[in-house]
Amino acid sequence: MLLVLLFHLSLLVLVRGQQITQQKYFACSQRESVNTTLLDVPVTRRMQCMAKCLEHSQCKSGHFCKGEDDTNVCSLGSDWPLGDCDVLPANEKCSSFKIVNPCENGGTLNPDGYSCACAAYRCDTFCQRYRYDCTELGNPGSNAIEIQPKNYHTPLLVVCQQQQNTLVGYFPGQIAPGDLNKTYEQYKVNFVVGVSSWMGLETMHALTRQGEYRLTIKLNFFTGLEVVYDDFNVSSEAEGYSFNYSTFREDLSNYADGFAAIPSIGSGSLVGLPFSTFDKDPYGCAARYGAGWWYDANCGPVLAYDPAVKSARWPDTSTAVRNAPTFIFSFKLMRYY
């Protein structure tokens with residue numbers, strides 16, 4: 001009886017320096033392939049024959065046959081006739097196979113036969129998943145793409161700049177009073193105001209739960225003034241999207257740690273505080289300033305936006321708070337958990 005099998009084989013084959021761990025074949029028992037002129041090689045098992053096909057730059061099909069002297073021969077070919085098993089000559093001593101397109105999600109097999117050209121947003125050997133993070137993009141330019149962090153249920157739209165996730169981009173000179181007075185749901189997801197954007201609290205949470213991220217806040221994009229935090233993470237919605245971090249990188253920062261308590265300027269610690277908007281405002285600060293932020297009971301003085309000066313506010317020392325010409329958050333993946 002002829003058996004037609006469509007199956008997955010898990011192989012571990014090094015092909016041109018690339019490790020292939022999965023490949024799809026269409027196989028026919030008791031059939032002999034045609035045009036097997038590329039290579040004949042002795043093997044002991046059919047899986048070895050398929051592995052030989054993977055190693056050959058032009059192989060697309062082949063057969064594994066028992067010889068007259070009980071040796072097994074693997075013959076490789078460059079094509080396969082249109083149709084399925086019925087188009088092949090019958091031979092009870094042979095089992096034929098062909099490589100079919102292993103690429104998923106709209107990907108196409110490259111001419112080398114060993115890798116896939118993936119459609120937008122997809123990656124990995126067989127285009128089987130979204131990128132986890134902007135570091136997988138490869139292109140160092142600026143791109144808006146969908147990613148899907150590890151163990152997260154849905155893709156998310158982010159802006160990748162220099163392979164970092166630019167989650168918040170405020171250019172306060174372009175922000176007018178009221179532009180940032182958005183609902184909790186809008187801050188949870190995302191919104192755009194002119195050339196400025198907020199990428200979303202849920203995106204921050206999804207990213208920082210998959211690995212260790214470095215947060216850089218660019219307080220003056222034009223002169224390079226910034227503050228840097230290692231292992232910055234944002235909690236879930238159930239926990240109010242509060243944040244924490246392990247280390248303020250004083251050695252990489254031009255200004256002071258605005259998230260820490262600085263009694264001399266009347267600033268309390270913002271660590272562990274829920275995110276506030278005018279419709280979810282425990283201290284009334286979001287309504288007062290017309291912007292969402294991690295506010296404490298003092299309502300400042302460290303602010304994402306102060307409508308009185310049309311700027312962010314950040315301490316440059318333990319005694320002075322300055323206007324910040326820009327307010328840009330960028331998250332860089334340091335390692336996956």
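In this predicted model, C49 and C74 are joined by a disulfide, with an S to S distance of 2.1 Å. The torsion about the S-S bond is about 75°, so the C49–C74 link comes out right-handed. C49 sits in helix α1 (residues 46-55) and C74 in strand β7 (residues 72-77), so the bond ties together parts that are 25 residues apart in sequence. Both C49 and C74 are buried.

That bond is one of five disulfides found in a search of the whole structure. Another joins C65 to C94, S to S 1.9 Å, and is right-handed too, with 115° about the S-S bond. Here strand β6 (residues 61-66), which holds C65, is linked to strand β8 (residues 90-99), which holds C94, across 29 residues. C65 counts as buried because its relative accessibility, 11%, is under 20%; C94, at 5%, is also buried.

The disulfide of C118 and C127 has its sulfur atoms 2.2 Å apart. Its torsion is about -90°, so this one is left-handed. The two ends sit in unlike surroundings: C118 is partly exposed, with a relative accessible area of 31%, whereas C127 is buried at 0%. And C123? It is in no disulfide, since the nearest cysteine sulfur, that of C118, is 6.8 Å away and the cut-off is 2.5 Å. C123 is nonetheless buried, with a relative accessible area of 10%.

Turning to the nonpolar interior, the largest core has 53 residues, and I217, Y229, F259, W293, W314 and F329 are those with the most contacts inside it. A second, separate core of 13 residues includes C53, L54, C59 and C74. Beyond its neighbours within four places in sequence, Y229 is in contact with a set of residues including Y213, I217, Y245, F248, F259 and W314.

Aromatic rings pair up a lot here, with 25 pairs found across the whole structure. Y213 and F331 make a tilted pair, 6.2 Å centre to centre with 45° between the planes. That pair links strand β18 (residues 211-220) to strand β26 (residues 327-336), with Y213 and F331 118 residues apart. Y213 is buried at 0% relative accessible area, and F331 is buried at 0% as well. W293 and F327 have ring centres 5.7 Å apart and planes at 65°, so they count as edge-to-face. W293 lies in the loop between α4 (285-289) and β23 (303-306) and F327 in strand β26, so parts 34 residues apart in sequence are tied together.

Charges also sit over rings: the charged end of R129 is 3.8 Å from the ring centre of Y132, and that of K280 is 4.3 Å from the ring centre of Y184.

Notes
Residues numbered from 1 in each chain as written. Predicted model: local features only at pLDDT ≥ 70, side-chain atom pairs only at ≥ 80, totals over all residues. Heavy atoms only, no water. Core = buried A, V, L, I, M, F, W, Y, C linked by side-chain atoms within 4.5 Å. Buried < 20%, exposed > 50% of the residue type's maximum accessible area, 1.4 Å probe, protein only. Contact = heavy atoms within 4.5 Å. Phe/Tyr/Trp six-rings, centres within 6.5 Å; stacked < 30°, edge-to-face > 60°. Helix = DSSP H or I, 4+ residues; strand = E, 2+ residues; numbered from the N terminus. Lys NZ or Arg CZ within 6 Å of the ring centre and 35° of its normal.
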